[in-house]
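Open the model and follow the ligands from one site to the next. The cut-offs come along the way.

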Amino acid sequence: AKSEGKGRYVLFDQEMYEQTLRLTQLESELRHALEHQEFELYYQPIVLLENYQLSGFEALIRWKNPKRGFISPIEFIPLAEDTGLIVAIGDWVLKEACQQLKSWQNQFGEATNLKMSINLSSHQIQKADLIDKLDLVLAETGVNGNAIRLEITESTLMDQGELTIAKLSQLRARNIQLSIDDFGQGYSSLSYLHRFPINILKIDRAFVEQMTEGNEHIEIVRTITMLAHTLNMSVVAEGVETQHQVDILKSLGCEFGQGYLFSHPLSAIAAEQTIAASLLP
Ligand code: C2E
Ligand code: CA
Ligand code: CA
Ligand code: CA
């Protein structure tokens, strides 16, 4: 029994070792990816539920690694956050998404009023130069603040406190819109929510998914939607996959939807075709 126990430890160490090795390799590959333009942005449509009109896109990062193939952001974003690389990656995302938006504005006219939603990690918010960087990107790309929406997760908001409120106010002063992302996943103190200058609340996919399981789940989404409206926020439902979900969400007064029912995240070229199609009479 003793040697068996020992053997298990050896095995465990081996696993730990391999895990660490994989992470270290992934980290250096992540640095390499940034320098060699292996990242690409995909764009997922966000639609007005009332008439399915295209209102904008959420920019979602993709990593195509020559050796490993496609790697999901669910796998590499946490690592990028642990290593601090997320700041450089986030800078790239911000610039790329704004450049893309500007090129669509030039092509289709600013009157299309497309909004570009961009995910911001907590590390980016903590950096002292976030506002300077944003000003620079807006100036360089010629995008107006009111065309971009920064998505900040509920847990990031709740972690940071006063400093974040001050930063968010500076962003709002540039007319940048702010979304609270993955709402319902974290541990919001609801009484605290009104202190943040947020424009949009994104209901986490898990709640949208559960709505068909029973009335109490619908009531939760109704309550979140009412709370948001009370605080002058619009509501985006994430992960909408069925018409039934749309029907319920509309009846609850939820304004916007995002999910596979409307569209998967699209390459820039495919997103461009979607914009063109949305402008047809
Ligand atoms: P998120 O911000 O909550 O993004 C929404 C995720 O849900 C995306 O996954 C999207 O593809 C997926 N999704 C959209 N509609 C549906 C649906 O109907 N059903 C299901 N099952 N899933 C749907 P993705 O692209 O894999 O991104 C995962 C997460 O990675 C994002 O979650 C976000 O937290 C992070 N991420 C992605 N791009 C960036 C980025 O540029 N910066 C940062 N900081 N994080 C990013
Ligand atoms: Ca998001
Ligand atoms: Ca989300
Ligand atoms: Ca999410």
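A polar contact here is a pair of N or O atoms within 3.5 Å; within protein, one must be able to donate a hydrogen and the other to accept it, and residues adjacent in sequence count only if both atoms are side-chain atoms. This is a predicted model: local features need pLDDT of at least 70, side-chain atom pairs count only at pLDDT 80 or more, and totals for chains, interfaces and linings use all residues. Residues are numbered from 1 along each chain as its sequence is written, chains are lettered from A and ligands numbered from 1 in the order in which they are written, and side-chain values use heavy atoms, with hydrogens and water left out.

Start with ligand 1. Arginine 62 places a side-chain N or O atom 2.8 Å from an oxygen atom of ligand 1. Aspartate 181 does so at 3.2 Å. For aspartate 182, a polar side-chain atom also lies 3.2 Å from a ligand 1 oxygen. On its own, ligand 1 has 800 Å² of accessible area, and the protein covers 84% of that (Shrake-Rupley method, 1.4 Å probe; for residues, only the protein chains shown count as cover). Around ligand 1 stand 22 residues, and Gln44, Ile61, Arg62, Glu241 and Tyr260 are the closest. A residue counts as near if one of its heavy atoms lies within 4 Å.

Now turn to the calcium ions. Donors are N, O and S atoms within 2.8 Å of the metal (3.2 Å for Na, K and Ca); water is not among the atoms, so sites may look incomplete. Which residues coordinate the calcium ion (ligand 2)? They are Glu58 (OE), Asn119 (OD1), Glu151 (OE) and Asp181 (OD), at 2.1 to 2.4 Å. Along the chain, these donors follow the spacing E-x60-N-x31-E-x29-D. Asparagine 119 sits in strand E4 (residues 115-119) and aspartate 181 in strand E6, so the pair ties together parts that are 62 residues apart in sequence. Strands (E, at least two residues) and helices (H or I, at least four) are DSSP runs, numbered from the N terminus.

The calcium ion (ligand 3) takes its donors from Asp181 (OD), Asp182 (OD) and Glu238 (OE, listed twice), at 1.9 to 2.9 Å. Their spacing is D-D-x55-E. Aspartate 181 bridges ligand 3 and ligand 2, which lie 3.7 Å apart. The calcium ion (ligand 4) is coordinated by Asp182 (OD, listed twice), at 2.8 to 3.2 Å. Ligand 4 and ligand 3 are 3.5 Å apart, and aspartate 182 coordinates both. Aspartate 182 lies in strand E6 (residues 177-183).

Next comes empty space. On a 1 Å grid over the protein atoms alone, a cavity is a set of points where a 1.4 Å probe fits but cannot get out; a pocket is an open set with protein on both sides within 12 Å along at least five of seven lines; lining residues have an atom within 4 Å of a point. The largest pocket holds about 1,300 Å³. Of its 43 lining residues, Glu58, Leu60, Asn119, Asp181 and Asp182 lie nearest its centre.

The search of the whole structure finds 1 cavity of 30 Å³ or more. The largest cavity has about 40 Å³ of space. Its lining consists of Val87, Asp91, Leu94, Gln124, Lys127, Asp129, Leu130 and Lys133. Helix H3 (86-108) and helix H5 (130-141) each supply at least two lining residues. H3 gives the most, with 3.

Key: Points joined across faces, edges and corners; volume = space filled by probe spheres on them.
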